[in-house]
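I opened my notebook to follow one residue and the helix that holds it, writing down each thing as I looked it up.

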Amino acid sequence: MMDAKKVTALLRKKGFKVTPQRLAIYNALCNTKSHPNAEMIFNKLQPYYPTMSLATIYKTIDILKEIRLIQVINVGEDSLRYDAVVEPHPHIRCTVCNRVDDVPDFDFSPAIKKVAEKTSYDLSGQQFYFYGICPECQAKMNKKIS
């Protein structure tokens, strides 16, 4: 993740206007592990930028994705999620509360190599998603059963 000066320089270099809202959106993504969707980002920043619209969020997300400062993840919900960690890594989503987490220390390079070998594709990327019930939801379910 980049600091504000580097983000500012990269936006300018790529021909995009630097605005406080764009920097705030990137900063919000850098300072969360929750993998928010656009509405979550909007709700978090609205008190600080009351004139900012949801359209601004979407436009900024498109720009940040284009210049590779964020990645877009689709974990099977109605909306996309966003992550400022752009290095390839798998995610896991709770099927009860929809929480999305990173899967730490998971080497999926053997799977990528095998897919390339078996399909003869020149792979350009991949995303791994796992689904299950998070520890908090498991605890709530166990309380109800007890």
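These entries begin with a single side chain and then turn to its helix.

Entry one. I noted at the outset that this is a predicted model. I looked for tyrosine 58 and found that it belongs to helix H4, which covers residues 54-66.

Entry two. I asked whether tyrosine 58 is buried, exposed or in between. Its relative accessible area is 35%, and because partly exposed lies between the 20% and 50% limits, I wrote tyrosine 58 down as partly exposed.

Entry three. I set aside the neighbours within four places in sequence and listed what tyrosine 58 touches, which gave Ala38, Glu39 and Tyr82. With glutamate 39 there is also a polar contact between the two side chains, at 2.9 Å, although the C-alpha atoms of this pair are separated by 9.4 Å and the residues lie 19 apart along the chain.

Entry four. I then checked the length of H4: its 13 residues should span 18 Å at 1.5 Å a residue, and the end C-alpha atoms are indeed 18 Å apart, so the two agree.

Entry five. Which residues of H4 are buried? I found Ile57, Thr60, Ile61, Ile63 and Leu64, and seen down the helix axis they fall within an arc of 165°, so they line one face of H4. An α-helix has 3.6 residues a turn, so residues three or four places apart point the same way. The face turned away from that buried side carries the exposed residues Ala55, Lys59, Asp62 and Glu66.

Entry six. I looked for what covers the buried residues of H4, and the cover includes helices H1, H2 and H3 as well as strand S2.

Key:
Residues numbered from 1 in each chain as written. Predicted model: local features only at pLDDT ≥ 70, side-chain atom pairs only at ≥ 80, totals over all residues. Heavy atoms only, no water. Helix = DSSP H or I, 4+ residues; strand = E, 2+ residues; numbered from the N terminus. Buried < 20%, exposed > 50% of the residue type's maximum accessible area, 1.4 Å probe, protein only. Contact = heavy atoms within 4.5 Å. Polar contact = N/O pair within 3.5 Å; in protein donor to acceptor, adjacent residues only side chain to side chain. Expected span 1.5 Å × (residues − 1). Arc of directions from axis to C-beta.
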